[in-house]
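Here are my notes on the model you asked me to look over. I have kept them as numbered points so you can follow along in your viewer.

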Amino acid sequence: MALATRTDKRADRKAGGGPAGGRPGKRPSVLGTLWGSTVGKKAVMAVSGLILLGYLVAHLLGNLKIFFGPGEFNEYGHWLRTMGAPVLHHEWALWIVRVVLLAAVVLHGVCAYQLSRRDIAARPTAYVHKRRRASYATRTMRWGGIILALFIVWHLLDLTTLTVNENAQPGHPYENVVATFSTWYGNVIYITAMLAVGMHVRHGFWSAAQTLGMGSATRDRVLKIMANGLALVLTVGFISLPVGVMTGVVS
């Protein structure tokens, strides 16, 4: 932890973050100091990542209703647009969720990019040749993030706006999911993205717990088991949808 803190401080100095990076004579705000520091960015990235993880779990539970037939799945799709009623107007709660998720995605991506730039700036020249090999999940986090960002755009165009779904029927989410997974490219895109989700969750969950101060020798083992288990459940759960359509279980 001490080594990580010294590394973060060195990155802050080189990147101009933290109080040292502020304007002379002007005291930075607490939020400005937090955002400008490496530790603060890691905390923002951890919290936003956990928000997205919570959404993935809830989204998977909802998606699995497709195995109970079109009636229950379409009813679930209708509920998403009416949840919060009668207190909230039609789709208000859904839009609140969308705004929160968009903010989490943007903050997560921006912090990931800025931390990556700081990490590069803080490395001594000789470190490039002596860098310790990271785990496979760590090496693929950046590519995984790009894949997921592109998939989010595709997913929205496919099942929300129905722009790229050739056989889409407005108001029929069950039929639209079946239509998507009845195409080879729909399956390839979705399965590739879900594999990236699994790798991202596996590494990100453990990293977030470490950033938020939950690490210890015993807890590390438990967290790694939880991260692996959660990543496996999410990956298998989401991939079961296209497999269900391809095998005729969902039709």
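**Notes on the model**

1. R98 sits over the face of the W95 ring, with 4.6 Å to the ring centre. A similar arrangement is worth a look at W35, where K41 lies over the ring face at 3.9 Å from its centre. Please bear in mind throughout that this is a predicted model.

2. Now for the overall layout. The chain has ten helices and zero strands, so its pattern along the sequence reads α-α-α-α-α-α-α-α-α-α. Of the 251 residues, 32% are buried. The exposed surface comes to about 15700 Å², and 68% of that is supplied by carbon and sulfur atoms. Among contacts with a separation of 6 or more, 69% are between residues 24 or more positions apart.

3. Which residues have the most contacts inside the largest nonpolar core? They are I66, Y190, M194, V201, L234 and F238, in a core of 30 residues. At least two residues of this core come from each of α3 (38-63), α4, α7, α8, α9 and α10 (217-246).

4. Y190, one of those core residues, is a good place to centre your view. Leaving out residues up to four places away in sequence, Y190 touches N63, F151, H155, F181, F238, L241 and P242. F238 from that list is also among the core residues with the most contacts.

5. From Y190 you can step across to F181, which is found in the loop between α8 and α9. Is F181 buried or exposed? F181 is buried, because its relative accessible area is 4%, and the cut-off for that label is under 20%. With residues up to four places away in sequence set aside, F181 touches G186, N187, Y190, L241, P242, V245 and M246. L241 and P242 are also touched by Y190. F181 and V250 are 69 residues apart along the chain, and their C-alpha atoms are separated by 9.9 Å.

6. Next, the aromatic residues. A pair of aromatic rings is described by the distance of the centres and the angle of the planes. Seven aromatic pairs are counted here. In one of them, F73 and Y76 have ring centres 6.2 Å apart and planes at 50°, so this pair is tilted. The two residues are three apart in helix α4, which means that about one helical turn separates them. Both F73 and Y76 are buried.

7. F73 also pairs with Y174: the ring centres are 6.4 Å apart and the planes are at 70°, so the pair is edge-to-face. What does this pair tie together? F73 lies in helix α4 and Y174 in helix α8, so the pair links parts that are 101 residues apart in sequence. F73 is buried at a relative accessible area of 5%, and Y174 counts as buried at 6%. Together with Y76 and W79, F73 and Y174 form one aromatic cluster.

8. H200 deserves a stop as well. H200 is placed in helix α9 (residues 184-211) and is buried, with a relative accessible area of 17%. Not counting residues up to four places away in sequence, H200 touches H108, M141, G144, G145, L148 and F205.

9. Finally, some backbone geometry to check. Most residues other than glycine have a negative phi, and most peptide bonds are trans. Against that background, the peptide bond joining A85 and P86 is cis, with omega about 0°. P86 is found in the loop between α4 (70-82) and α5 (92-122). E91 lies in that loop between α4 and α5 too, and has a positive phi near 70°. E91 is partly exposed, because its relative accessible area is 21%, and that label starts where buried ends, at 20%.

10. L162 is another residue other than glycine with a positive phi, here about 60°. L162 is found in the loop between α7 (136-160) and α8 (173-180). Why does L162 count as buried? The reason is its relative accessibility of 19%, as the cut-off is under 20%.

How values were computed. Residues are numbered from 1 along each chain as its sequence is written. This is a predicted model: local features need pLDDT of at least 70, side-chain atom pairs count only at pLDDT 80 or more; totals for chains, interfaces and linings use all residues. Side-chain values use heavy atoms; hydrogens and water are left out. Helices (H or I, at least four residues) and strands (E, at least two) are DSSP runs, numbered from the N terminus. Buried means under 20% relative accessible area, exposed over 50%, partly exposed in between (1.4 Å probe, protein chains only). Rings of Phe, Tyr and Trp (its six-membered ring) pair if their centres lie within 6.5 Å; planes under 30 degrees apart count as stacked, over 60 as edge-to-face and the rest as tilted. A charge sits over a ring if NZ of Lys or CZ of Arg is within 6 Å of the ring centre and within 35 degrees of the ring normal. Contact means heavy atoms within 4.5 Å. Accessible areas come from the Shrake-Rupley method with a 1.4 Å probe; for residues, only the protein chains shown count as cover. A nonpolar core is a set of buried Ala, Val, Leu, Ile, Met, Phe, Trp, Tyr and Cys residues joined through side-chain atoms within 4.5 Å.
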